[in-house]
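Here is a short report on how two chains are built and how their parts pack. Please keep the coordinates open while reading.

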Amino acid sequence: MSTATKDKLILNKKNSLRYDLTKNAFAYRAIIPYVVFILVLVVYPVVQNIIISFQANGTWSLANYLDVLFDPLFHLITINTIIWTVSCVVLDLLVGLGLALLLNQDIKGGAVFRTIILVIPWATPDIVAAVAWKWMYNDMYGVLNDILMKLGIIDEYLPWLAVPNLARLAVIIANVWKGFAVSAMFYLAALQTVPQELYEAAAMDGANSWQRFTKVTIPVIRPYIITTVMLTIIWTINYFPLIFTMTNGGPANATDTFVTYAYRLAFRFLDFSHSTAVSNLNFIIVFTVAIIYTLSLVGKEE
Amino acid sequence: MRKGFVYVLMVFLLVFAASSMVVAAGEKLTVWVGGHVVEEEDTWKEIISDFTKQTGIEVEYQLIGFEVYYDKLVAAYSAGQGPDVCFADLGGWVPTFAAQGWLEPLDDRLATSDATEQIWPNLWPTVTYEGKRYGLPWYTDCRLLLYNTKMFTDAGLDPQKPPVTWDDLLATAQKLTDESKKIYGYGVTGAKSETATLAYMIYLYGAGGEFLTEDYSKAAFNTPEGLEALKFYTDLFVQYKVSPPGTLSYTEDDYRTMMAQNKVAMAIGGPWSFPLIEMANPEIKGNYAVAIHPYKATPASVLGGWASVISKTSTQKDAAWKFVDFITSYDVWMKWVEENGGPMPTRQDVCKDAPTFQADPKWQVIFETFPYAKVRPPIPQYPQISDQIQTMIQNVLSGQDTAENAIQKAEEEVNKLLAK
């Protein structure tokens, strides 16, 4: 037997399941609890969800999906979800990146600023943040109205959460406040990977600060931006407590999104079949985003 | 390998230990209490220890805040793990749960209880589903006009003479409203919440309208009376502006808080509002009163409250019934009222006999109003119907739709739901 065939045999042996199981038995035992948890807490509900959504009147059917897709309320909710997700993600990106750029400068007490600006919104529990914003938006004694009035921006107190478009804006602002911190943290970390030499070289070539930003910073941190945006999209679509607490989907369904609607169908109306249909449609969207995200990561590795 | 088995065995033992602990706990009677009464923790403790002393039945009880109570119950019942006894809101929970097969019918047991004939008769439909009774109402309430007497006096109005008709209501509210000071005469419930539906019902019934047909098979509110009720109710905000600009984001609870701060003079409230308004501002004590809500054709109100129900899957239904019967007994209720002053018992004898009630004119107004109070449709589709009514109200309040269109749409949607 030549050495080559011998190696091949060993390789074959190494690839066999049995060998793998014996060789890595300890590792497999170690992950059993996690596998069990994932099966019970993730896989089982997802499968159950899919089964329920395809059942109507005791048989398999697409009725639930068709009902949902042809419901005008669902169209409004889809528009709401798009407005909510796109605005939040874009603003998170702009505010987060802008703030990261500011915090990336070498200034005295930089660490303190970072902690205060980045950690406080992010660490505030969802419900606390939602209730606080609700009070700030209040049309009778809200602090926001008071400030805007004193600045002369508005003439009278605005009922922020009571007018459909204002309410949309109000929940988006609140969510950006809550969410920009995470984005900013990611971008700050990214900015610190940009080698100083590149800036120096660019400066020597006569690039001004805007050119340095677009030609040096952006290309280097591009992968981080893509990753963060993907994650923000997923988080924002699925973000429930803020809207639920602030407006409960109102006024006139202006702030209803997929998740608040699915919640209402399941827990208020006990209409599990339509609720699962809505959440599966939501799942497909999030899943698509996640696939793109994963592919972009794989692409980067290669 | 052996080590591996030991490991797996240990995990299994752990899991079994945990689940057998649940079984052991199941031998005690599990009771879940929700609603406003959960704040009376000490009284519950006392009542339950009295029960255990008398019957030897151990009770494991949980007092659960309203915000999470419904979700928790639904989750537990759908998993087949419902508590032996729990409180269910009279706003349609009992028929909804009964339709899912989660509750035990109680007719035979009710026949043996002295509470049964003392219960206010208009409460029974709330716990009835397809001809069977599934619960014993425990406490109740009805909606009234809650108003701030100090604001009445300040505006030169007689606090002894609250508005009686819709016209009075509008005139009074206009006199009380002072937009420059952010003071408003009447709070129109406009947020997407159950209380908006209830408000519309009070106006609808007050105009002489009906909500659904008698057999609950069709909507009955798209009539001249129903439209008039919707128009008048929404115009209080849209046209007359006697309600704050943020009306679409406010519920009864918000207005009650504003009333405590002398910002809103009138709103819908009920007996549960008394401790809460005083909690919001202790100085309001003695400066608020209740009256039958203003009406057009006939006095009207909507009732609410809670009933005790027994889970279908309970393994100790006899003990569960003993508990239900015990907490609804005359003595326990008299003691409860003496200690807490409220809420309103479902037993007429206690309402009549309790000294606390006899001394307070507010309670006399409540007892006077109660016979006019109607139940919410006790049908499983009710939550969805209510959602349609809320959408209708919000669409008119926000100016997105006319009252005529909105009521038409709501009727169609409600009929669709009822046809299912």
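The text covers domains, then the sheet, then helix packing, then the contact between the chains.

**Domains**

The model is predicted. Chain A is assigned two domains: domain 1 (3-53) and domain 2 (63-301). Their centres, taken over C-alpha atoms, are separated by 37 Å. Contact involves 4 residues of domain 1 of chain A and 7 residues of domain 2 of chain A. On the domain 1 side, 2 residues are nonpolar, 2 are polar and none is charged.

Chain B is also assigned a domain 1 and a domain 2, each written as two segments. Domain 1 of chain B covers 2-142 + 305-367, and domain 2 of chain B covers 144-302 + 377-419. Here 30 Å separate the centres, again over C-alpha atoms. In this contact, 19 residues of domain 1 of chain B meet 17 residues of domain 2 of chain B.

Which elements give two or more residues to the domain 1 side of that contact in chain B? They are helix 4 (93-99), strand 4 (128-129), strand 6 (135-142) and helix 16 of chain B. Helix 4 of chain B gives the largest share, 4 residues. By class, this side of domain 1 of chain B has 10 nonpolar, 7 polar and 2 charged residues.

**A sheet in chain B**

Chain B holds an open sheet of 4 strands in the order 8-9-7-10, with mixed pairing. Strand 8 (184-186) and strand 10 (288-291) of chain B are the edges, each pairing on one side only. Direction ignored, neighbouring strands of the sheet are turned by 25 degrees against each other on average.

Strand 7 (residues 144-148) and strand 9 (residues 264-269) of chain B pair in the antiparallel sense, over 4 bridges. One residue pair can be named: B:Tyr147 has B:Met266, in strand 9 of chain B, as its bridge partner.

A helix also lies across part of this sheet. Helix 16 (residues 361-369) of chain B lies across strand 7 and strand 10 of chain B. Helix 16 runs at about 20 degrees to strand 10 of chain B.

**Helix packing**

The table lists three helix pairs.

| Helix pair | Angle and axis distance |
|---|---|
| Helix 5 and helix 11 of chain A | roughly 140 degrees, within 9 Å |
| Helix 17 and helix 18 of chain B | about 170 degrees, 9 Å |
| Helix 9 and helix 17 of chain B | about 45 degrees, 9 Å |

Start with chain A. Helix 5 spans residues 72-103 and helix 11 spans residues 209-237 of chain A. At their crossing angle, helix 5 and helix 11 of chain A are therefore oblique to each other. The crossing of these two helices of chain A is right-handed. Helix 5 of chain A contributes A:Thr81, A:Trp84, A:Thr85, A:Cys88, A:Val89, A:Asp92 and A:Leu93. Helix 11 of chain A contributes A:Val229, A:Thr232, A:Ile233, A:Thr236 and A:Ile237. This contact counts 7 nonpolar, 4 polar and 1 charged residues.

Now helix 17 of chain B with helix 18 (residues 403-419) of chain B. Their angle makes helix 17 of chain B roughly antiparallel to helix 18 of chain B. From helix 17 of chain B, the contact residues include B:Ile385, B:Ile389, B:Met392 and B:Val396. From helix 18 of chain B, they include B:Ala406, B:Ala410, B:Glu413 and B:Leu417. The class count is 10 nonpolar, 3 polar and 1 charged.

Helix 17 of chain B also packs on helix 9 (residues 224-238) of chain B. The angle makes helix 9 of chain B oblique to helix 17 of chain B. This crossing is right-handed. B:Leu230, B:Thr234, B:Phe237 and B:Val238 of helix 9 meet B:Ile393, B:Val396 and B:Leu397 of helix 17 of chain B. There are 6 nonpolar residues, 1 polar and no charged in this contact.

**Between the chains**

How many residues does each chain place in the contact? Chain B gives 26 and chain A gives 22. Helix 1 (2-26), helix 3 (66-78) and helix 17 (382-397) of chain B each supply at least two residues on the chain B side. Helix 17 of chain B supplies the largest share there, 5 residues. By class, the chain B side has 9 nonpolar, 13 polar and 4 charged residues.

Definitions and conventions: Residues numbered from 1 in each chain as written. Chains lettered and ligands numbered in written order. Predicted model: local features only at pLDDT ≥ 70, side-chain atom pairs only at ≥ 80, totals over all residues. Axes fitted to C-alpha atoms, helices over the stretch in contact; angles between N-to-C directions. Parallel < 35°, antiparallel > 145°, perpendicular 65-115°, else oblique. Left-handed = near helix turned anticlockwise from the far one by under 90°. Contact = placed C-beta atoms within 7 Å. Nonpolar A, V, L, I, M, F, W, Y, C, P; charged D, E, K, R; others polar. Pairing = 2+ DSSP bridges. Domains from an automatic or database assignment.
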